[in-house]
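User: Hello! I am new to this structure and would like to know what lies behind the words used for it. Could you walk me through it?

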Amino acid sequence: MQYEEIRTEEALQLNVDGKIDVTTANDFQNAVLKTFVKSKNVIINLEKVPYMSSAGLRALVLGAKTAQAKGGSLVIIKAQPVVMEVFKYSGMNKILEIR
């Protein structure tokens with residue numbers, strides 16, 4: 001799994017490339033939390049994520065809680081249809097801000 005950070009006017013965007021499953025979820029979670037150290041507003045681009053397990057969802061929930069604690073935001077963009085299905089089946093599409 002690879003990550004790239006891009007600074008925008010409003011937030012720090014984390015572009016993720018690769019599967020987010022039980023073997024990569026801890027790395028993903030650490031990347032999300034490190035991004036919040038640099039900015040209270042974070043955008044996570046999942047365009048190149050072909051799969052996400054429940055372990056990845058946990059990392060996103062932790063990121064959303066971190067954003068709330070900092071008075072910031074967590075926005076997820078460009079999720080692939082299969083990842084959107086995971087969000088819908090788990091109910092996370094009602095909790096997380098997904099564009």
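**The sheet and its helices**

Analyst: Happy to! In this predicted model, an open sheet of five strands follows the order β1-β2-β3-β4-β5, and its pairing is mixed. β1 (2-7) and β5 (97-98) stand at the edges, because each has a single partner strand, so one side of each is left without a neighbour in the sheet.

User: How do you know that β1 pairs with β2?

Analyst: Two strands pair if there are at least two bridges between them. Six bridges join β1 to β2 (residues 12-17), and these strands run antiparallel, so they count as paired. As an example, I6 has Q13 in β2 as its bridge partner.

User: What makes the length of α2 agree with its 17 residues?

Analyst: At 1.5 Å a residue, α2 should span 24 Å, and its end C-alpha atoms are 24 Å apart, so the two values agree. Helix α2 (residues 54-70) lies across β3 (41-48) and β4 (73-77), at about 145° to β4. After α2 comes G71, with a positive phi near 75°.

User: Why are V83, M84 and F87 said to be on the same side of α3?

Analyst: V83, M84 and F87 are the buried residues of α3, each under 20% relative accessible area. They cover an arc of only 105° around the axis, which puts them on the same side of α3. These buried residues pack against β3, α2, β4 and β5.

User: Which exposed residues does the face of α3 turned away from its buried side carry?

Analyst: That face carries P81 and Y89, and exposed means over 50% relative accessible area.

Conventions:
Residues numbered from 1 in each chain as written. Predicted model: local features only at pLDDT ≥ 70, side-chain atom pairs only at ≥ 80, totals over all residues. Heavy atoms only, no water. Helix = DSSP H or I, 4+ residues; strand = E, 2+ residues; numbered from the N terminus. Contact = heavy atoms within 4.5 Å. Axes fitted to C-alpha atoms, helices over the stretch in contact; angles between N-to-C directions. Expected span 1.5 Å × (residues − 1). Buried < 20%, exposed > 50% of the residue type's maximum accessible area, 1.4 Å probe, protein only. Arc of directions from axis to C-beta.
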